[in-house]
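Reader: Hey, got a minute to walk me through this one? I'd like to start with how the parts fit together.
Author: Sure, let me put it up.

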Amino acid sequence: MTKFTVNGREVDLDIDPDTPLLWALRDELRLTGTKFGCGVAQCGACTVMLDGMPRRSCVTPISMVEGSEVTTIEGMEGPEIAAVQAAWEAIDVPQCGWCQSGQIMSATALLQQVSSPTDGDINNAMAGNVCRCATYVRIRQAIHDAAKTLEG
Amino acid sequence: MTAIETSRRGFLAGGAGLMLGLMLPLGRARAQTAAAAAAPFAPNAFIRIGTDDLVTVMIKHLEMGQGPYTGLSTLVAEELDADWAQMRAMGAPADNALYANLFFGMQGTGGSTAIANSFMQMRKAGAAARAMLVAAAAEEWGVPASEITVKAGVVSHAASGKSSGFGALTEAAARQPVPADPPVKDPKDFVLIGSDRPKLDTVAKSTGAAVFTMDVYRDGMLTVVVAHPPKFGATVASFDDKGALAVKGVEMIRQIPSGVAVYATNTYAALKGRDALAVTWDEAGAETRSSDEMFDAYARAVAEGGVTVEEEGDLSALANAAQVLEAEYRFPYLAHAPLEPLDAVIELKEGKAEMWFGSQFPGLDQPTAAAILGVPVTINVLLAGGSFGRRAQASAHIAAEAAEIAKAAGRDGAFKLVWTREDDLKGGYYRPMSLHKLRAGLDAEGNIVGWENIVANQSILAGGPMEAMLKGGPDTTSFEGSSGLPYRFGARRIGWAKMENPVSVLWWRSVGHTHTGYAAETFLDEVLAAAGKDPVQGRLDLLPPEALRERGVIEKVAEISGWTGPTRDGKGYGIAYVKSFGTYVAEVVEVEDRNGLPHVTRVWCAVDCGIPVNPNVIRAQMEGGIGFALGTALHDAITLAPGGEVQQSNFDTYPMLRIAEMPAVEVAIIPSGADPTGVGEPGVPPLAPALGNAWRALTGNKQYQLPFGGAIA
């Protein structure tokens with residue numbers, strides 16, 4: 001049995017402890033906002049928060065998250081995620097949408113650490129998130145817009 | 001499947017009811033579908049209006065990021081005089097009779113045709129619904145229909161002061177005769193078409209709520225992965241499933257035509273089971289050549305000239321020219337790599353099958369699955385996490401594989417077929433590798449007097465179920481864009497050598513233009529430079545007087561980029577023009593030399609796609625097409641090693657463009673009253689040649705093969 005917290009709820013999973021957190025979230029808990037893109041931490045579609053820091057769930061076995069707090073896109077709360085999602089919606093960032101949960105998780109994590117990120121900060125924080133539709137122009141713009149919203 | 005929320009206000013204010021619907025398991029989503037299907041007013045196959053005033057448009061084209069949910073709904077809303085906030089969209093189920101692509105004659109999405117083929121059909125559908133709502137109001141209020149107006153979702157009669165939303169009129173509207181040929185608006189009266197409109201799927205895609213194929217879970221469902229042959233053309237000789245069956249969660253192993261299928265209670269068990277499977281492959285019919293060896297064969301074929309597919313004037317002018325330039329170009333196989341890997345869900349129950357997946361060709365996928373299973377098949381078409389051509393399968397191979405796993409299971413049940421990233425990158429269905437030979441002749445004054453381009457590659461359609469589309473002729477998608485150039489070259493000949501090998505090939509975003517545009521536009525630039533001509537003015541001078549739209553985008557992109565020539569302040573500038581799928585696009589690239597590799601800082605794009613239905617979507621597609629093309633040009637090749645195995649397997653060896661590599665993009669849309677054409681693909685082709693031209697201008701290096709970053713074989 002592996003015990004951890006997901007979106008504030010305690011879970012207790014009786015599955016192979018090697019199971020990547022990604023598949024536990026999706027197959028066992030039906031939290032499907034976290035996406036499978038590569039399985040080898042190359043694309044970032046599976047990004048979740050692990051004890052408050054962004055983490056690629058596809059290469060994180062559940063044995064590693066025993067006792068930890070996991071937050072998925074469905075459970076995100078606070079001013080940063082609200083500002084990021086509002087900015088995403090205001091300029092229609094998504095195209096196919098598959099990567100966007102991961103993009104939004106990484107962008108939110110960035111704004112939690114750096115209130116007014118530079119383009120360089122954005123390049124570094126978002127380097128692990130691939131958008132195959134290449135919506136990067138709007139991702140960058142939306143992060144700047146969200147930062148402005150948070151400044152008030 | 002799921003109606004998509006549009007109202008940002010509703011969502012931000014906590015429109016819990018609707019978002020809840022999106023996030024609930026499939027049962028609730030199906031109830032929503034049923035509710036839309038049973039809406040009180042369904043004037044035609046495309047429109048459902050509920051008593052709650054919501055208008056749901058059944059979208060016959062796959063939403064894979066190019067915006068048909070928004071675009072087709074805009075066309076309906078325009079003629080219906082609806083308010084944009086009341087519009088919803090959902091994927092239409094597989095039904096060739098109701099939802100055919102009018103250009104294909106079957107239900108399918110591709111070739112940047114969604115808006116073009118739907119433009120009048122969706123407007124007529126909206127106009128018919130509007131006429132019935134007006135007739136209903138006239139009947140209820142006892143006033144002449146001619147005195148009734150509709151604006152932003154409100155039906156009004158000024159003289160009596162009566163007004164109503166659509167919802168209250170649905171019951172009466174459903175009783176009205178359906179007008180056969182309702183009048184549509186004069187384009188000057190458009191309210192929605194031509195202005196920016198928030199996309200209908202943005203909110204669901206920004207919250208994790210959007211439902212894609214991989215997000216579908218059915219009761220008792222097994223996840224299935226398939227061990228495919230490691231070489232093209234190989235087949236299963238034998239397999240040992242003891243190790244796989246020992247994995248906890250693995251339920252069964254079955255051989256199917258495409259390989260060996262592992263069925264498990266969850267995805268991880270299926271993958272672990274497949275790793276433990278021991279398969280021996282029969283490679284007697286397999287492709288064992290490397291990409292290099294194939295290119296050698298392609299070069300020999302090109303040297304023989306190919307079949308003539310376009311000819312003008314007397315090419316002996318070339319032999320007598322004052323100066324002759326020649327170049328050979330090599331383009332690798334390319335994978336589409338949509339970020340949602342390939343997948344499909346199928347449920348076999350009581351002699352019927354139901355499927356859920358991002359089917360791009362429902363018109364082929366449905367009969368293919370039905371033929372394999374021998375039972376009726378329905379397909380719920382879901383959002384797709386990208387395609388770029390990958391899901392437009394002439395062979396219907398994903399629908400077929402899903403049907404085969406359901407059939408091989410030997411019992412009723414639900415099955416989710418999942419391909420991993422490695423399965424997709426190694427699995428074929430690539431943009432065909434191509435080799436081009438070009439020759440051009442200049443007279444003493446620097447005028448082009450002859451142009452020859454011979455192309456060697458595989459046909460996408462030949463040998464497949466869609467071969468009939470060729471009508472016995474050559475596959476034009478193999479050389480489109482080498483043929484059909486607008487420039488006055490004097491004499492010209494375009495040749496094509498059809499190559500055959502077992503590597504499966506497929507349309508890749510902008511198809512033939514992905515390589516023909518690069519070869520033609522970089523070679524032309526080199527020829528213009530040899531003649532001492534400016535890349536922009538040189539192109540304009542080659543256009544015939546009637547080429548107004550070609551001229552329009554070239555002049556516009558020169559204007560917005562502040563074109564002064566191919567170098568400025570240590571940076572290179574290159575232009576390229578490519579017309580594809582009826583849309584005219586010119587792009588200018590600004591490039592810097594960073595440690596011997598190109599870094600693109602800015603791109604300017606001018607696009608003429610006829611009436612711009614939604615400029616916001618058009619700009620998005622140009623931005624995305626530019627990034628998609630740039631990542632590919634810089635990094636990507638699928639190569640076969642000696643022996644025939646694919647050398648790339650995931651994004652570590654087939655790199656994607658990252659945010660730091662994305663240039664700033666400025667898009668200018670040419671105003672037009674012409675019928676609209678597509679935008680999903682046409683932003684792609686000019687980017688790589690514009691980059692090649694900028695790079696040659698800056699460094700003197702001629703890039704005769706892609707990608708820039710490395711060898712392709």
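Reader: So how many residues of domain 1 of chain A are in contact with domain 2 of chain A?
Author: In this predicted model, 14 residues of domain 1 of chain A contact eleven residues of domain 2 of chain A.

Reader: Which strands supply domain 1's side of that?
Author: Strand E3 (47–50) and strand E4 (53–56) of chain A each give at least two residues to it. The largest share, three residues, is from E3(A).

Reader: And what's that side of domain 1 like, by residue class?
Author: Eight nonpolar, five polar and one charged.

Reader: Back up a sec, where do the domains of chain A run?
Author: The domain assignment puts domain 1 at 2–75 and domain 2 at 79–151. Their centres, taken over C-alpha atoms, are 21 Å apart.

Reader: OK, those two strands. Do E3(A) and E4(A) pair in the parallel or antiparallel sense?
Author: Antiparallel, over four bridges. A:Met49 sits opposite A:Pro54 in E4(A). The two strands make a hairpin with two residues between them, and A:Asp51 in the turn has a positive phi of about 50°.

Reader: Switching topic: how many residues does each chain bring to the contact between chain A and chain B?
Author: Chain A brings 45 residues and chain B brings 52.

Reader: Which helices of chain A are in on that?
Author: Helix H1 (21–28), helix H2 (79–90), helix H3 (100–113), helix H4 (119–125) and helix H5 (136–151) of chain A each supply at least two residues of the side touching chain B. By class, that side of chain A has 24 nonpolar, 13 polar and eight charged residues.

Notes. Residues numbered from 1 in each chain as written. Chains lettered and ligands numbered in written order. Predicted model: local features only at pLDDT ≥ 70, side-chain atom pairs only at ≥ 80, totals over all residues. Domains from an automatic or database assignment. Contact = placed C-beta atoms within 7 Å. Nonpolar A, V, L, I, M, F, W, Y, C, P; charged D, E, K, R; others polar. Pairing = 2+ DSSP bridges.
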